[in-house]
Amino acid sequence: MTPPITDTDTLARFCAEAAGFPYITVDTEFLRERTYYAQLCLVQLARPGKGDEGAVLVDTLAENLSLEPLYELFRNRNVVKVFHAARQDLEIFETEAGTLPAPFFDTQVAAMVCGYGDQVGYETLVRQVARATIDKSSRFTDWSRRPLSQAQMAYALADVTHLRRIYEVLSKQLQETGRGPWVEEELAVLTDPATYRTDPTEAWARIKTRSTAPRFLAALRELARFRETMAQSKNVPRARILKDDALLELAANRPKSAEELGKSRLLLREARRGEIADGLLAAIASAETLPADEVPHPPESLARKPGSEALADLLRVLLKARSEQAGVAQRLIASSADLDALANGTPEEQIPALHGWRLEVFGADALRLKRGEIALAAAGNTVRVVPLDAA
């Protein structure tokens, strides 16, 4: 097996050769357990070919290696860059180099449009489409350690060699069904740099809570903002600063002094003193003095209107029926948050399921169901839509 590329000239030669083909397949191996930002350890690339032909590993930890030839290939509009479940891969490239591949294709998104199920895994597609199997024994190894074993390199190469066949089959299916624009609409989100920018001010919205008390939410927002900012600046996981359960405890109790902070049951020892403790107390104090009109509102999922849960359940039945009829994964058509938002009266322009191809497949009927213009009826093992004027 050819050893990984460790110098810029060799990478440049491969990328120059790959630029003469219609597509390349790409994958990465990285670590994120000990850092806020992912540590890129390996990039796998393959141009069209059979087996390991035209496939290489790039050792991104090599001292004398620049990835600029790869980024130049990413910017080459004549070569499609093919990934599977690319969000984390793209986040790495956007964060490290401000570069996203274009044109871009994600086989997981395409597989969901082609009826292979919700968030179908690469191993499943390798088995169903490429008619092959993958040895997954190296999946959870430490990719930062050198040298890489033969098993690690074989595993890493398999992530791009089988991807060639999967791309060719799925792209053909999309062409035959005319659903290529559906996939392009989905991929637009993944190729938007804003997708990978974390605003500390909005970090609180990711934390699950049932409380709608205004001052609790204000403290939750300010504490989450502090945690996110510090985690980014120190490049450590959020939980190293403050775990979610401790954050919720502080938002509820809102200690005003170091002594009160020290009584927290869930706070890590490192957070009871020094800059973390000072930051936590400052965040709480800031929340307590916020003017009433600046206090955050409860997420709509916590402020449900009467009857909205029953309507959301009906929408879920409709979604399942339309998903089966269209042969498209339910999760790609509409998320649970979409259904809850629609049932709860969120403005239509804010709900993704009511736009683009989703409106045709599901959204239009969802709106009709909400307005009472249609009903759902059982027909054997299927669900059918019944116009109420014909009921």
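Lining residues of a pocket are taken here as those with an atom within 4 Å of a pocket point, and strands such as β1 are DSSP runs numbered from the N terminus. On this basis, β1 makes the greatest contribution to the lining of the largest pocket in the predicted model, supplying six residues.

The volume of this largest pocket is about 750 Å³. Its lining comprises 27 residues, of which T28, E29, F30, R139 and Y155 are the closest to the pocket centre. Besides β1 (23-31), the helices α3 (87-97), α5 (122-128) and α6 (150-177) each provide at least two lining residues. By class, the lining of the largest pocket consists of ten nonpolar, eight polar and nine charged residues.

The second largest pocket encloses about 500 Å³ of space. Among the 18 residues lining this pocket, those closest to the centre are V109, M112, Q119, E186 and L332. Two or more lining residues come from each of α4 (107-113), α7 (180-190) and α14 (330-333). Nine of the lining residues of the second largest pocket are nonpolar, three are polar and six are charged. The protein is divided into three segments, namely domain 1 (8-196), domain 2 (200-299) and domain 3 (304-387). Domain 1 and domain 3 each contribute at least three residues to the lining of the second largest pocket.

Helix α7, which contributes to the lining of the second largest pocket, also packs on helix α16 (residues 356-370). The two axes are 8 Å apart and form an angle of about 120°. Angles of 65 to 115 degrees count as roughly perpendicular and those over 145 as roughly antiparallel, so α7 is oblique to α16. On the α7 side the contact involves W182, E185 and E186, and on the α16 side G356, W357, R358 and V361. Three nonpolar, one polar and three charged residues make up this helix contact. E186 therefore appears in two settings, being one of the residues closest to the centre of the second largest pocket and part of the contact of α7 with α16, where contact means heavy atoms within 4.5 Å.

With respect to domain arrangement, the C-alpha centres of domain 1 and domain 2 are separated by 37 Å. Five residues of domain 1 and eight residues of domain 2 take part in the contact.

The backbone was also examined for unusual geometry. Most peptide bonds are trans, and most residues other than glycine have a negative phi. A cis peptide bond is present between A102 and P103, with omega about -10°. P103 is located in the loop between α3 and β5 (104-106). Another cis peptide bond links R146 to P147, with omega about 5°. P147 lies in the loop between α5 and α6, and R131 is likewise found in the loop between α5 and α6. R131, a residue other than glycine, has a positive phi near 55°. The loop between α5 and α6 thus holds both P147 and R131, and the two flanking helices, α5 and α6, each supply at least two residues of the lining of the largest pocket.

Notes: Residues numbered from 1 in each chain as written. Predicted model: local features only at pLDDT ≥ 70, side-chain atom pairs only at ≥ 80, totals over all residues. Heavy atoms only, no water. 1 Å grid on protein atoms, 1.4 Å probe; cavity = no way out; pocket = protein on both sides within 12 Å on 5 of 7 lines; lining within 4 Å. Points joined across faces, edges and corners; volume = space filled by probe spheres on them. Helix = DSSP H or I, 4+ residues; strand = E, 2+ residues; numbered from the N terminus. Nonpolar A, V, L, I, M, F, W, Y, C, P; charged D, E, K, R; others polar. Domains from an automatic or database assignment. Axes fitted to C-alpha atoms, helices over the stretch in contact; angles between N-to-C directions. Parallel < 35°, antiparallel > 145°, perpendicular 65-115°, else oblique.
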